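Biologist: Could you take a close look at the cysteines for me, and then walk me through what surrounds them in the fold?

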Amino acid sequence: MKTVLIVDDMINQFKNIHRAITRAGHDVVCVSDGRSALAKAVSMRPDLILMDLMMPEWDGVETIVRIRSIEACKDIPVIFLSSVIASARGVVFADGKEYPIVSKMAEIRLIIDRINECLG
């Protein structure tokens with residue numbers, strides 16, 4: 001069983017995603033800000049981070065740059081979520097790397113497929 005860390009300042013809106021990830025056979029841990037995400041990433045080393053792109057204080061890119069600066073966390077796969085993009089697939093550039101981004105408005109099945117692709 002893989003562990004997915006969901007980071008979103010509006011986490012209560014993602015109960016459907018949480019349930020779908022759990023039904024897909026993964027454990028889910030949720031936090032609502034970048035600082036908490038950094039702490040969780042270090043303490044639990046999730047198998048994947050599902051990161052909101054736009055959050056107050058630290059946005060998703062800044063949070064991932066901080067997480068990736070820690071040696072033990074540098075290889076954790078990341079998928080960004082955004083309500084701004086309309087397509088089901090896209091990319092975000094952060095810390096010199098390309099990360100997938102998925103629209104929050106995409107069908108849950110597409111989000112789960114993307115998660116499973118990243119988890120291998």
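Modeller: Keep in mind that this is a predicted model. The sulfur of Cys73 sits 17 Å from the closest cysteine sulfur, which belongs to Cys118, and that is too far for a bond. Going the other way, the sulfur of Cys118 has its closest cysteine sulfur in Cys73, again at 17 Å and too far for a bond. A disulfide here needs the two sulfur atoms within 2.5 Å, so the count comes to zero disulfides. As for surroundings, Cys73 is buried, with a relative accessible area of 1%, whereas Cys118 is partly exposed at 27%.

Now for helix H4, which covers residues 108-119 and holds Arg114. Arginine or not, Arg114 is buried, at 12% relative accessible area. Its C-alpha atom is 8.1 Å from that of Val102, twelve residues away along the chain.

On to the nonpolar interior. In soluble globular proteins, nonpolar side chains tend to be buried together. In this model the largest nonpolar core has 21 residues, and Val7, Ile49, Met51, Ile64, Ile67, Val78 and Phe80 have the most contacts inside it. At least two core residues come from each of these: strands S1 (3-7), S3 (48-52), S4 (78-82), S5 (90-94) and S6 (97-103), plus helices H2 (34-44) and H3 (60-68). H2 gives the largest share, three residues. Apart from this core lies another one, of 18 residues, with Val4, Ile6, Ile79 and Ala106 among them.

Val78 is a good residue to click on. Leaving aside neighbours within four places in sequence, Val78 is in contact with Leu48, Ile49, Met51, Ile64, Arg68, Tyr99 and Pro100.

Finally, have a look at S1, where five of the five residues are buried. In a regular strand the side chains alternate between the two faces of the sheet. For S1, both faces are covered: Thr3, Leu5 and Val7 are buried on one side, and Val4 and Ile6 are buried on the other. S1 also has strand partners. Five bridges join S1 to strand S2 (residues 27-31), and the two run parallel. Another four bridges join S1 to S3, also in parallel. Leu5 shows both pairings: its bridge partner in S2 is Val29, and its bridge partner in S3 is Ile49.

Definitions and conventions: Residues are numbered from 1 along each chain as its sequence is written. This is a predicted model: local features need pLDDT of at least 70, side-chain atom pairs count only at pLDDT 80 or more; totals for chains, interfaces and linings use all residues. Side-chain values use heavy atoms; hydrogens and water are left out. Buried means under 20% relative accessible area, exposed over 50%, partly exposed in between (1.4 Å probe, protein chains only). A nonpolar core is a set of buried Ala, Val, Leu, Ile, Met, Phe, Trp, Tyr and Cys residues joined through side-chain atoms within 4.5 Å. Contact means heavy atoms within 4.5 Å. Two strands pair if DSSP finds at least two bridges between them.
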